[in-house]
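Q: Could you take me through one helix of this model in close detail, and then show me how its surroundings connect to the rest of the fold? I'd enjoy a connected walk rather than a list.

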Amino acid sequence: MRVWVPLDAAARALGADEVADTLAREFTVTRNGTRGMIWLEPLVEVERDGVRYGYGPVTPEDAASVAEAIRNDGEHPLALGAVEELPWMKAQTRLTFARVGVIDPLSVSEYQAHGGLVGLSRAIEIGPERIVEDVTQSGLRGRGGAGFPTGIKWKTVAGAKAPRKYIVCNADEGDSGSFADRMLMEGDPLTLIEGMAIAGIAVGAAQGYVYIRSEYPDAIRLMEAAIGKARQAGILGQSVLGSHHTYDMEVRIGAGAYVCGEETSLLNSLEGKRGVVRAKPPIPALEGFLGRPTVVNNVISLASVPWIMSHGAEEYAKLGIGRSKGTIPIQLAGNVKYGGLFEAAFGMSLEQIVNEIGGGTASGRPVKAAQVGGPLGSYIPHWNFDVPFGYEELAGKEGLLGHAGITVFDDTADMLKLARFAMEFCAVESCGKCTPCRIGSIRGVETIDRIATGDEEGIAILTDLCNTMKWGSLCALGGFAPFPVMSALTHFPDDFSGRREPRKEAAE
């Protein structure tokens with residue numbers, strides 16, 4: 001009998017390795033990715049009559065009794081029923097994450113059996129120009145935060161004249177409350193490899209790099225192993241799937257700088273230089289890695305391409321709202337009852353996401369706000385939760401979609417302290433190249449501390465400072481840091497008035 005136990009980092013942190021060891025004494029254990037229901041991890045699955053049934057959350061102490069229940073086909077308090085029939089799973093539109101949690105992440109045969117390599121095969125058949133056209137028509141946009149149309153970027157690189165071109169995958173997932181890239185790389189790394197190979201064929205690049213943050217050791221290990229499997233299977237190498245196209249790739253590890261999530265800082269780091277922002281122009285699509293035309297895309301952007309190639313641009317574009325096409329892996333974290341990854345078409349309201357899918361707060365108290373888009377995202381107050389989840393729709397509320405991470409806060413949250421955290425985060429992570437970010441963030445922390453002691457004249461100073469940072473910073477780190485600060489100040493002014501706290505030391 002075959003049993004599945006996740007090897008995802010979140011599941012391992014909750015004891016999945018110990019659970020797997022216990023079950024392996026009696027059953028054939030396959031280590032899969034997570035289904036995204038973190039409150040049920042470790043989630044043990046067993047197949048009966050072609051249906052996967054789940055038990056969770058299974059602690060190491062529960063493993064023996066769960067093994068007995070599996071062996072005797074008996075009842076157990078942790079039995080969940082058919083996994084695919086759970087409300088969390090049934091409500092999703094899983095395209096990019098369709099195989100995550102289902103297959104062995106390092107099995108090429110299982111990958112193919114579940115639709116893998118169909119997109120790459122079709123890409124080879126239709127050729128570079130048609131690939132770029134399909135990606136453009138699909139409406140796919142950058143899933144790393146900027147939301148730039150992927151097809152336009154690929155067309156620019158494809159049209160550039162150069163002896164060498166590169167594909168660079170930005171897997172430096174540093175946003176708090178974001179984990180989609182990690183889950184994809186740990187649960188279905190071959191999807192990312194296939195997407196990067198398609199990108200290479202489309203623009204004429206023979207070499208690619210996955211830049212992964214050092215804090216993701218499991219993702220690094222699995223990506224390196226998957227690349228080796230892909231080479232053995234002929235997915236990578238001198239003749240991609242037996243074609244005349246050449247494409248290979250490697251993993252590169254970041255050194256822990258948040259600013260290297262910005263594409264030009266990442267490229268500097270990849271070249272062995274200090275991770276600081278480059279001025280634009282030139283853009284990376286024309287002069288990127290080593291001065292050559294380079295596609296820099298996020299993990300989810302590239303991993304979405306195989307589905308578009310295999311099912312068609314029109315089918316992908318049917319999903320979503322407005323200019324936000326396709327699906328988005330929503331990541332729920334913070335004070336939320338059901339935290340995890342939920343893939344759905346753009347267009348759900350924050351009310352649906354936080355209170356229906358997420359179940360409201362874990363504390364049971366009323367929701368006060370949700371920060372959307374990581375540490376530089378705006379705090380959306382609960383009375384604005386009717387906003388649809390889309391790029392332009394959130395921008396209309398002075399918000400950012402970012403990497404689609406949502407951090408939930410209940411009514412005990414102190415918005416001044418959260419605003420201070422945003423400024424301090426910027427001060428700590430600033431690369432130091434531009435003055436508005438380097439100095440402005442430090443002055444921002446000092447000003448918020450003044451407001452906390454009762455000096456409400458600091459509110460006008462903070463507002464002016466945020467405006468300077470927003471329009472004067474060289475990259476999004478300094479430019480977006482004002483979003484959480486000003487949204488907190490605008491929507492929750494009472495948290496900034498009448499304060500009488502002792503002064504704190506400013507960030508250094």
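A: Happy to. In helix α7 (residues 128-138), the buried residues are I131, V132, D134, V135 and S138. Because they cover an arc of only 160 degrees around the axis, they sit on the same side of α7. Please keep in mind that this is a predicted model.

What do those buried residues pack against? Their partners are α6 (118-126), α8, α10, α13 (299-311), α14 (313-317) and β11 (324-325). Just after the helix comes G139, with a positive phi near 80 degrees.

Two of those partners, α8 and α10, lead us onward. Let's take α10 to begin with. The largest nonpolar core has 64 residues, and W154, M185, L192, I193 and V210 have the most contacts inside it. Helix α10, residues 189-203, gives this core 10 residues, the most of any contributor. As general background, nonpolar side chains tend to be buried together in soluble globular proteins.

V210 is a good place to pause. Leaving aside neighbours within four places in sequence, V210 is in contact with C169, A171, M185, L192, M196, M223, M249, E250, V251 and R252. A second core, separate from this one, has 36 residues, with L418, I451, M469 and A488 among them.

Now for α8, the other partner. The largest pocket holds about 1,400 Å³ of space. Helix α8 (150-159) is one of the elements that give two or more residues to the lining of that pocket, along with β6 (166-171), β9 (294-298), α16 (391-395) and α21 (476-480). Strand β9 gives the most, with four residues. In total 49 residues line the pocket, and G144, G145, A146, G261 and A476 lie nearest its centre. By class, the lining has 22 nonpolar, 16 polar and 11 charged residues.

One last stop is M486, which is placed in helix α22 (residues 482-491). Is M486 buried or partly exposed? M486 counts as partly exposed because its relative accessibility is 22%, while buried means under 20%. Not counting residues up to four places away in sequence, M486 touches T463 and C466. The C-alpha atoms of M486 and E398 are separated by 9.5 Å, although the two residues are 88 residues apart along the chain.

So that the thread is easy to follow back: the buried residues of α7 pack against α8 and α10, among others; α10 gives the most to the largest core, and α8 helps line the largest pocket.

Methods: Residues numbered from 1 in each chain as written. Predicted model: local features only at pLDDT ≥ 70, side-chain atom pairs only at ≥ 80, totals over all residues. Heavy atoms only, no water. Buried < 20%, exposed > 50% of the residue type's maximum accessible area, 1.4 Å probe, protein only. Contact = heavy atoms within 4.5 Å. 1 Å grid on protein atoms, 1.4 Å probe; cavity = no way out; pocket = protein on both sides within 12 Å on 5 of 7 lines; lining within 4 Å. Points joined across faces, edges and corners; volume = space filled by probe spheres on them. Nonpolar A, V, L, I, M, F, W, Y, C, P; charged D, E, K, R; others polar. Core = buried A, V, L, I, M, F, W, Y, C linked by side-chain atoms within 4.5 Å. Arc of directions from axis to C-beta.
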